[in-house]
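Trainee: Could you take me closely through one part of this model, explaining what surrounds it and how each term is defined?

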Amino acid sequence: DELLSLELDLQLKASEDWVACPDSMRLMSATERNGQTFSVRLNTDGMPPGVHFATVDAIDASDPDRGNLFSLPITVIVPHTKFVSKDEPTLKLNDSEHVILKEN
């Protein structure tokens, strides 16, 4: 079995400010490396409750017109700080959304 030898310089770009990743990395085939990793850090401080989505996109530095070679999806769920109870069955999330506790 022959393996393809590969070496690509990639630019890494986060789609949101709360995602931190390296600016670049060199992607090499399995013949040169025993797997590769890069770190992604998330700053969720001050993030409002709800679901938040971002990506880290990898672009070939020598040919950006090729588009993304891969995209790493990131989903962060920030829970609401209040809970619905029988004493207070309605929680207003914003002007148009609310949660109501109903009997089964």
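Mentor: A good place to begin is a facing pair, since Q11 stands opposite I59 in β5. The model is a predicted one, in which local features need pLDDT of at least 70 and side-chain atom pairs count only at pLDDT 80 or more, while totals for chains, interfaces and linings use all residues. Residues are numbered from 1 along each chain as its sequence is written, and side-chain values use heavy atoms, with hydrogens and water left out.

The strand to follow is β5, which spans residues 50–60; a strand here is a DSSP run of E with at least two residues, numbered from the N terminus. On one side β5 pairs with β1 (residues 7–14) in the antiparallel sense over 5 bridges, where pairing requires that DSSP finds at least two bridges between the strands. A second antiparallel pairing joins β5 to β6 over 10 bridges, and within β6 it is P73 that T55 faces.

As for burial, 9 of the 11 residues of β5 are buried, so the strand is largely enclosed by the rest of the structure; buried means under 20% relative accessible area, exposed means over 50%, and partly exposed lies in between, using a 1.4 Å probe and protein chains only.

Within this strand, H52 is itself buried, at a relative accessible area of 16%. Its side chain reaches the backbone oxygen of P48 at 2.7 Å. Setting aside residues up to four places away in sequence, H52 touches W18, M47, I74, T75, V76 and V78, contact being defined as heavy atoms within 4.5 Å.

Some of those neighbours reappear in the largest nonpolar core, which has 14 residues and in which L12, W18, V19, V56, I74 and V76 touch the most other members. Such a core is a set of buried Ala, Val, Leu, Ile, Met, Phe, Trp, Tyr and Cys residues joined through side-chain atoms within 4.5 Å. To this core β1, β5 and β6 each supply at least two residues. As a general background, nonpolar side chains tend to be buried together in soluble globular proteins.

V19 shows how one of these core residues is surrounded: leaving aside its neighbours within four places in sequence, V19 is in contact with A14, V40, R41, L42, A54, V56 and I74. I74 is therefore worth following in the viewer, because it is in contact with V19 and also touches the buried H52.

Notes: Helices (H or I, at least four residues) and strands (E, at least two) are DSSP runs, numbered from the N terminus. A polar contact is a pair of N or O atoms within 3.5 Å; within protein, one must be able to donate a hydrogen and the other to accept it, and residues adjacent in sequence count only if both atoms are side-chain atoms.
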